[in-house]
Amino acid sequence: MHESALAQKILDVVLARAGLEHARRVHVVRGWVAETESLAPQSLAFHFEARARGTIAEGARLELRLVHVEARCRPCGGTYAPEHHLLLCPTCGSTDADLLGPTGIAIESLDVADC
C-alpha cells in the first residue's frame, strides 16, 4: 500500500509541474529513488499508471533509477552498503551509522506536450 500512496504524491507533483508548463500531456516522468526507501520501482510505476488514469499523465512512463546509498559506521568508520533497509555494520555490528547519499525520491524532469 506504501507504493500506492507514494504514487499518488508523485502524480500530484507531476500534475502541478505540468500545469506550470501549460502541458496538455505528460509522456515521461524521470527521477530517482534511494535504495534506503525499500521501494520497488516497478511496483511504484504500476501504481503510478493506475493513479494517472483519466489525467494528462495517463499512459506516461515513470522512469525511476535506483540510487545506491552507502553508510559510514560511526564507531569503526567503515563504509558499507546497507542491506534491506538495515544499518548494520558488517565489521563491528553497530547500527549507529550515517547515510552517505540522498534518501527519498525525486522527480527530476518531465517530457510533456503542449498541444
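This section describes the fold, the nonpolar cores and selected residues of a single chain in a predicted model.

The chain contains two helices and six strands. In sequence order, these elements follow the pattern α-β-α-β-β-β-β-β. The C-alpha trace extends over about 60 × 25 × 15 Å along its principal axes. The radius of gyration of the chain is 17 Å, whereas a compact globule of 115 residues would have a value near 13 Å. Of the 115 residues in the chain, 35% are buried. Contacts between residues at least 6 apart in sequence were also examined, and 74% of these join residues at least 24 apart. The exposed area of the chain amounts to about 6800 Å², of which carbon and sulfur atoms contribute 52%. The chain carries 11 positive and 15 negative charges, and the mean positions of these two sets lie 5 Å apart.

Nonpolar side chains in soluble globular proteins tend to be buried together. In the present model, the largest nonpolar core comprises 20 residues. Within this core, the residues with the most contacts are Ile10, Val14, Val29, Phe48 and Ala57. At least two residues of the core are supplied by each of helix H1 (2-20), strand S1 (25-34), helix H2 (41-52), strand S2 (61-67) and strand S6. Helix H1 provides the largest share, with six residues. A further core of five residues lies apart from the largest one and includes Ala71, Cys73, Cys89 and Ala97. In the largest core, Ile10 is one of the residues with the most contacts. Beyond its neighbours up to four places away in sequence, Ile10 touches Leu44, Phe48, Leu62, Ile105 and Ile107.

Two further residues of helix H1 were considered, namely Leu6 and Glu3. Leu6 has a relative accessibility of 15% and therefore counts as buried, the cut-off being under 20%. When residues within four places in sequence are set aside, Leu6 is in contact with Leu39, Leu44 and Ile105. Leu6 and Leu44 are separated by 38 residues in sequence, yet their C-alpha atoms are 7.6 Å apart in space. Glu3 likewise counts as buried, because its relative accessibility is 15%. Excluding residues up to four places away in sequence, the contacts of Glu3 are with Ser38, Leu39, Ala40, Ser43, Leu44 and His47. The C-alpha atoms of Glu3 and Pro41 are 8.9 Å apart, and the two residues are 38 apart in sequence. Leu39 and Leu44 thus appear among the contacts of Leu6 and also among those of Glu3.

The loop between H1 and S1 contains His22 and Ala23. Most residues other than glycine have a negative phi. In His22, by contrast, phi is positive, near 55°. His22 counts as exposed because its relative accessibility is 63%, above the cut-off of 50%. Ala23, in turn, is buried, with a relative accessible area of 13%. Apart from residues up to four places away in sequence, Ala23 touches Ala18, Ile56, Val112, Ala113 and Asp114. Between Ala23 and Ile10 the separation is 13 residues in sequence and 17 Å in space, C-alpha to C-alpha.

A second loop, between strand S5 (97-99) and strand S6 (105-113), holds Pro102. This residue has a relative accessible area of 40%, and so is classed as partly exposed. With residues up to four places away in sequence left out, Pro102 touches Trp32, Ala34, Val67 and Val69. Pro102 and Ala23 are 79 residues apart in sequence, and their C-alpha atoms are 29 Å apart in space.

Notes: Residues numbered from 1 in each chain as written. Predicted model: local features only at pLDDT ≥ 70, side-chain atom pairs only at ≥ 80, totals over all residues. Heavy atoms only, no water. Helix = DSSP H or I, 4+ residues; strand = E, 2+ residues; numbered from the N terminus. Buried < 20%, exposed > 50% of the residue type's maximum accessible area, 1.4 Å probe, protein only. Contact = heavy atoms within 4.5 Å. Core = buried A, V, L, I, M, F, W, Y, C linked by side-chain atoms within 4.5 Å. Rg over C-alpha atoms; globule rule 2.2 N^0.38 Å. Areas by Shrake-Rupley, 256 points an atom, 1.4 Å probe, with all protein chains shown as cover. Lys, Arg positive; Asp, Glu negative; His and termini not counted. Charge placed at Lys NZ, Arg CZ, Asp CG, Glu CD.
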